[in-house]
Amino acid sequence: MKLPPYAELLGLSIEPGAEAPVLVMPFADAVLGRPGFVHGGALGGLMEMAAVGALRQALGDDAVRIKPINLSVDYMRGGRNKPTRARGHVSRLGNRIANIEVLAWQDDEARPIAAGRINYLIVR
Amino acid sequence: MVGDIPAPAFGFDPHRFFDANVRGHGARLGIGYVGHGADWCELSLPWREDLVGDPASGVLASGPILALMDMATSVGVWLRRGAFLPHATLDLRIDYLRPARPGQTVIGRGECYRVTRSIGFVRGQAHDGNPDEPLAHVAGTFMFMENFG
(Lines give C-alpha, C1' and ligand atoms only; values in the text may rest on other atoms or scores of the structure.)
Protein backbone atom coordinates (compact mmCIF):
# COMPACT_ATOMS: atom_id res chain seq x y z
CA MET A 1 0.00 0.00 0.00
CA LYS A 2 1.43 3.34 -1.08
CA LEU A 3 0.36 6.18 1.20
CA PRO A 4 -0.89 9.47 -0.35
CA PRO A 5 0.47 12.93 0.63
CA TYR A 6 -2.36 13.41 3.17
CA ALA A 7 -1.23 10.27 5.06
CA GLU A 8 2.27 11.77 5.28
CA LEU A 9 0.78 14.93 6.78
CA LEU A 10 -0.80 12.74 9.48
CA GLY A 11 2.58 11.02 9.99
CA LEU A 12 1.13 7.56 9.27
CA SER A 13 3.15 4.37 9.09
CA ILE A 14 2.04 0.84 8.18
CA GLU A 15 2.35 -2.40 10.19
CA PRO A 16 1.52 -5.28 7.83
CA GLY A 17 -1.10 -7.80 8.98
CA ALA A 18 -2.40 -11.16 7.76
CA GLU A 19 -5.88 -9.84 6.89
CA ALA A 20 -5.39 -6.08 7.00
CA PRO A 21 -2.59 -3.65 7.86
CA VAL A 22 -2.53 -1.61 11.06
CA LEU A 23 -2.01 2.10 10.43
CA VAL A 24 -0.18 4.01 13.15
CA MET A 25 -0.54 7.75 13.76
CA PRO A 26 1.91 9.40 16.19
CA PHE A 27 0.65 12.06 18.59
CA ALA A 28 1.96 15.36 17.20
CA ASP A 29 0.98 19.00 16.83
CA ALA A 30 -0.29 18.23 13.30
CA VAL A 31 -3.11 16.02 14.68
CA LEU A 32 -3.90 17.99 17.85
CA GLY A 33 -7.48 19.03 18.58
CA ARG A 34 -8.44 20.48 21.94
CA PRO A 35 -5.32 20.70 24.15
CA GLY A 36 -3.96 17.25 24.97
CA PHE A 37 -6.31 15.32 22.67
CA VAL A 38 -6.25 13.97 19.13
CA HIS A 39 -8.46 15.91 16.67
CA GLY A 40 -11.62 14.04 15.62
CA GLY A 41 -10.93 14.86 11.98
CA ALA A 42 -7.40 13.46 12.12
CA LEU A 43 -8.72 10.34 13.83
CA GLY A 44 -11.35 9.97 11.09
CA GLY A 45 -8.64 10.45 8.47
CA LEU A 46 -6.54 7.71 10.08
CA MET A 47 -9.58 5.39 10.08
CA GLU A 48 -10.27 6.09 6.41
CA MET A 49 -6.67 5.20 5.56
CA ALA A 50 -7.02 1.98 7.59
CA ALA A 51 -10.21 1.19 5.64
CA VAL A 52 -8.41 1.79 2.34
CA GLY A 53 -5.57 -0.49 3.50
CA ALA A 54 -7.98 -3.30 4.41
CA LEU A 55 -9.90 -2.93 1.14
CA ARG A 56 -6.75 -2.78 -0.99
CA GLN A 57 -5.43 -5.95 0.65
CA ALA A 58 -8.79 -7.71 0.13
CA LEU A 59 -8.96 -6.60 -3.52
CA GLY A 60 -5.34 -7.48 -4.29
CA ASP A 61 -5.52 -5.48 -7.52
CA ASP A 62 -4.23 -1.90 -7.59
CA ALA A 63 -5.85 -1.27 -10.99
CA VAL A 64 -9.31 -1.30 -9.37
CA ARG A 65 -10.46 2.20 -8.38
CA ILE A 66 -12.25 2.86 -5.11
CA LYS A 67 -14.32 5.89 -4.14
CA PRO A 68 -15.55 6.70 -0.62
CA ILE A 69 -19.36 6.95 -0.43
CA ASN A 70 -19.82 7.70 3.24
CA LEU A 71 -18.34 7.34 6.69
CA SER A 72 -19.91 7.20 10.14
CA VAL A 73 -17.69 7.48 13.21
CA ASP A 74 -18.53 6.99 16.89
CA TYR A 75 -15.98 8.71 19.11
CA MET A 76 -15.83 6.64 22.31
CA ARG A 77 -12.82 7.89 24.26
CA GLY A 78 -10.51 10.88 23.94
CA GLY A 79 -7.26 10.18 22.05
CA ARG A 80 -4.39 10.99 24.41
CA ASN A 81 -0.69 11.83 24.10
CA LYS A 82 0.41 8.50 22.57
CA PRO A 83 0.28 6.72 19.19
CA THR A 84 -3.13 5.76 17.79
CA ARG A 85 -3.61 2.56 15.79
CA ALA A 86 -6.43 1.63 13.43
CA ARG A 87 -7.34 -1.46 11.44
CA GLY A 88 -10.14 -2.07 8.98
CA HIS A 89 -12.21 -5.21 8.50
CA VAL A 90 -13.95 -5.81 5.18
CA SER A 91 -17.34 -7.12 6.28
CA ARG A 92 -18.58 -7.51 2.72
CA LEU A 93 -16.73 -7.27 -0.57
CA GLY A 94 -19.15 -7.12 -3.48
CA ASN A 95 -18.67 -6.36 -7.15
CA ARG A 96 -19.65 -2.72 -6.77
CA ILE A 97 -19.77 -1.97 -3.03
CA ALA A 98 -17.47 -2.78 -0.11
CA ASN A 99 -18.63 -2.38 3.52
CA ILE A 100 -15.80 -1.83 5.98
CA GLU A 101 -15.66 -1.59 9.76
CA VAL A 102 -12.73 0.19 11.41
CA LEU A 103 -11.58 0.34 15.01
CA ALA A 104 -9.04 2.82 16.41
CA TRP A 105 -7.29 2.27 19.72
CA GLN A 106 -4.29 3.37 21.76
CA ASP A 107 -3.16 1.05 24.59
CA ASP A 108 -5.56 -1.83 24.19
CA GLU A 109 -7.33 -2.96 21.04
CA ALA A 110 -10.20 -4.22 23.24
CA ARG A 111 -10.79 -0.64 24.44
CA PRO A 112 -11.28 1.29 21.17
CA ILE A 113 -11.26 5.09 21.16
CA ALA A 114 -13.37 5.22 17.98
CA ALA A 115 -15.38 2.90 15.72
CA GLY A 116 -16.31 3.60 12.13
CA ARG A 117 -18.32 2.19 9.25
CA ILE A 118 -17.26 3.13 5.75
CA ASN A 119 -18.76 2.23 2.37
CA TYR A 120 -16.73 2.30 -0.82
CA LEU A 121 -17.77 2.22 -4.43
CA ILE A 122 -15.63 -0.17 -6.45
CA VAL A 123 -14.96 0.77 -10.07
CA ARG A 124 -13.58 -2.20 -11.99
CA MET B 1 -35.97 25.78 21.63
CA VAL B 2 -32.96 26.73 23.68
CA GLY B 3 -34.68 27.51 26.97
CA ASP B 4 -33.19 24.50 28.74
CA ILE B 5 -29.57 25.64 28.58
CA PRO B 6 -27.95 28.12 30.95
CA ALA B 7 -27.46 31.69 29.74
CA PRO B 8 -24.05 32.12 28.08
CA ALA B 9 -21.36 33.52 30.34
CA PHE B 10 -19.59 35.32 27.49
CA GLY B 11 -19.70 35.56 23.73
CA PHE B 12 -17.63 33.61 21.25
CA ASP B 13 -15.91 35.18 18.24
CA PRO B 14 -14.84 32.50 15.71
CA HIS B 15 -12.91 35.06 13.63
CA ARG B 16 -10.60 35.84 16.54
CA PHE B 17 -10.50 32.14 17.46
CA PHE B 18 -9.17 31.11 14.03
CA ASP B 19 -6.76 34.08 13.82
CA ALA B 20 -5.24 32.95 17.12
CA ASN B 21 -5.31 29.27 16.20
CA VAL B 22 -1.82 28.85 14.78
CA ARG B 23 -1.27 25.33 16.13
CA GLY B 24 -3.01 21.99 15.94
CA HIS B 25 -4.68 19.98 13.20
CA GLY B 26 -6.83 22.80 11.77
CA ALA B 27 -3.82 25.08 11.37
CA ARG B 28 -1.79 22.25 9.81
CA LEU B 29 -4.55 21.72 7.23
CA GLY B 30 -4.74 25.48 6.56
CA ILE B 31 -8.37 25.82 7.69
CA GLY B 32 -9.48 29.45 7.99
CA TYR B 33 -12.47 31.59 8.95
CA VAL B 34 -15.02 32.72 6.34
CA GLY B 35 -18.13 33.86 8.22
CA HIS B 36 -20.63 33.05 10.93
CA GLY B 37 -24.14 33.69 12.28
CA ALA B 38 -26.05 32.95 15.48
CA ASP B 39 -25.79 29.16 15.09
CA TRP B 40 -23.58 28.55 12.05
CA CYS B 41 -20.02 29.03 10.84
CA GLU B 42 -18.29 28.84 7.48
CA LEU B 43 -14.65 27.78 7.23
CA SER B 44 -12.32 27.39 4.25
CA LEU B 45 -9.91 24.63 3.26
CA PRO B 46 -7.68 25.84 0.40
CA TRP B 47 -6.46 23.08 -1.96
CA ARG B 48 -2.91 22.06 -1.20
CA GLU B 49 -0.69 19.33 -2.59
CA ASP B 50 -0.05 17.71 0.81
CA LEU B 51 -3.81 17.24 1.37
CA VAL B 52 -4.23 15.11 -1.73
CA GLY B 53 -5.56 11.57 -1.41
CA ASP B 54 -5.16 10.53 -5.04
CA PRO B 55 -1.91 11.84 -6.58
CA ALA B 56 -2.98 10.73 -10.08
CA SER B 57 -5.98 13.10 -10.13
CA GLY B 58 -4.98 15.68 -7.50
CA VAL B 59 -8.29 15.18 -5.68
CA LEU B 60 -8.25 16.07 -1.98
CA ALA B 61 -8.35 13.20 0.52
CA SER B 62 -11.66 12.80 2.30
CA GLY B 63 -10.02 13.17 5.73
CA PRO B 64 -9.35 16.94 5.49
CA ILE B 65 -13.00 17.50 4.45
CA LEU B 66 -14.16 15.48 7.46
CA ALA B 67 -11.88 17.62 9.69
CA LEU B 68 -13.22 20.83 8.09
CA MET B 69 -16.82 19.79 8.78
CA ASP B 70 -16.00 18.62 12.31
CA MET B 71 -14.57 22.08 13.03
CA ALA B 72 -17.33 24.08 11.29
CA THR B 73 -20.08 22.21 13.16
CA SER B 74 -18.10 22.44 16.40
CA VAL B 75 -17.93 26.23 16.06
CA GLY B 76 -21.67 26.20 15.30
CA VAL B 77 -22.24 24.67 18.74
CA TRP B 78 -20.13 27.35 20.49
CA LEU B 79 -22.05 30.06 18.62
CA ARG B 80 -25.45 28.61 19.47
CA ARG B 81 -24.43 28.24 23.14
CA GLY B 82 -22.87 31.73 23.09
CA ALA B 83 -19.74 30.52 24.83
CA PHE B 84 -16.51 28.58 24.26
CA LEU B 85 -17.49 25.63 26.46
CA PRO B 86 -15.70 22.27 26.30
CA HIS B 87 -17.31 19.55 24.21
CA ALA B 88 -16.27 16.44 22.31
CA THR B 89 -17.49 14.95 19.04
CA LEU B 90 -19.79 12.04 19.91
CA ASP B 91 -20.48 10.91 16.37
CA LEU B 92 -20.15 12.25 12.87
CA ARG B 93 -21.53 10.88 9.64
CA ILE B 94 -20.40 12.24 6.28
CA ASP B 95 -21.68 11.56 2.78
CA TYR B 96 -19.16 12.24 0.03
CA LEU B 97 -21.47 13.47 -2.72
CA ARG B 98 -18.73 14.01 -5.27
CA PRO B 99 -14.96 14.62 -5.39
CA ALA B 100 -13.71 18.15 -4.67
CA ARG B 101 -12.32 19.80 -7.79
CA PRO B 102 -8.49 19.87 -7.76
CA GLY B 103 -7.16 23.37 -7.07
CA GLN B 104 -10.46 24.69 -5.67
CA THR B 105 -10.89 25.93 -2.09
CA VAL B 106 -13.47 23.90 -0.18
CA ILE B 107 -15.96 25.88 1.93
CA GLY B 108 -17.59 24.06 4.83
CA ARG B 109 -20.72 25.37 6.56
CA GLY B 110 -21.69 23.84 9.89
CA GLU B 111 -24.90 24.55 11.80
CA CYS B 112 -26.02 23.62 15.30
CA TYR B 113 -29.80 23.23 15.00
CA ARG B 114 -30.60 21.96 18.50
CA VAL B 115 -28.97 21.88 21.92
CA THR B 116 -30.07 20.09 25.06
CA ARG B 117 -28.46 20.02 28.51
CA SER B 118 -25.93 17.43 27.31
CA ILE B 119 -25.91 17.26 23.53
CA GLY B 120 -25.53 19.57 20.52
CA PHE B 121 -27.06 18.33 17.25
CA VAL B 122 -25.32 19.53 14.08
CA ARG B 123 -25.52 19.35 10.31
CA GLY B 124 -23.60 20.88 7.46
CA GLN B 125 -22.53 20.90 3.83
CA ALA B 126 -19.33 21.54 1.93
CA HIS B 127 -18.90 22.95 -1.59
CA ASP B 128 -16.07 24.25 -3.77
CA GLY B 129 -17.53 27.43 -5.23
CA ASN B 130 -21.27 26.92 -5.71
CA PRO B 131 -23.32 26.16 -2.56
CA ASP B 132 -26.00 24.61 -4.81
CA GLU B 133 -23.53 21.91 -5.85
CA PRO B 134 -22.47 20.45 -2.47
CA LEU B 135 -19.66 17.92 -2.38
CA ALA B 136 -20.25 16.61 1.15
CA HIS B 137 -23.04 16.48 3.71
CA VAL B 138 -22.61 15.82 7.44
CA ALA B 139 -24.79 15.10 10.44
CA GLY B 140 -23.47 14.60 13.94
CA THR B 141 -23.62 15.23 17.68
CA PHE B 142 -21.34 16.81 20.28
CA MET B 143 -21.44 15.95 23.98
CA PHE B 144 -20.98 18.73 26.52
CA MET B 145 -18.21 17.91 28.96
CA GLU B 146 -19.47 19.82 32.00
CA ASN B 147 -22.43 17.47 32.44
CA PHE B 148 -20.38 14.29 32.34
CA GLY B 149 -18.22 12.98 35.17
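## A tour from A:W105 across the shared sheet

Select A:W105 to begin: apart from its neighbours within four places in sequence, this residue is in contact with A:R85, A:R111, A:P112 and A:I113, two residues being in contact if their C-beta atoms, placed from the backbone, lie within 7 Å. The model is predicted, so that local features need pLDDT of at least 70 and side-chain atom pairs count only at pLDDT 80 or more, while totals for chains, interfaces and linings use all residues. Residues are numbered from 1 along each chain as its sequence is written, and chains are lettered from A, with ligands numbered from 1, in the order in which they are written.

Staying on A:W105, you will find that it lies in strand β5 of chain A, and that it counts as buried because it has 20 C-beta neighbours inside 10 Å (buried means 20 or more other C-beta atoms within 10 Å of its own, exposed 12 or fewer, and partly exposed in between, with C-beta atoms placed from the backbone). Add A:A86 to the selection, which is 19 residues away in sequence, with a C-alpha to C-alpha separation of 6.4 Å.

Next, show the strands of both chains, where helices (H or I, at least four residues) and strands (E, at least two) are DSSP runs numbered from the N terminus. They include an open sheet of 12 strands with antiparallel pairing, in the order β1(A)-β2(A)-β4(A)-β5(A)-β6(A)-β3(A)-β5(B)-β8(B)-β7(B)-β6(B)-β2(B)-β1(B); strands pair if DSSP finds at least two bridges between them. At the edges stand β1 (13-15) of chain A and β1 (32-36) of chain B, each with a single partner strand, so one side of each has no neighbour in the sheet.

At the chain A edge, β1(A) is joined by three bridges to the antiparallel strand β2 (residues 22-25) of chain A, where A:L23 is the bridge partner of A:I14.

Move then to the junction of the chains, where five bridges join β3(A) to β5(B), the two running antiparallel, and where A:L71 stands opposite B:I94 in β5(B).

Finally, select the whole contact between the chains, which takes 27 residues from chain A and 29 residues from chain B. On the side of chain B that touches chain A, the elements giving two or more residues are α2 (24-29), β3 (52-54), α3 and β5 of chain B, and β5(B) gives the most, with nine residues.
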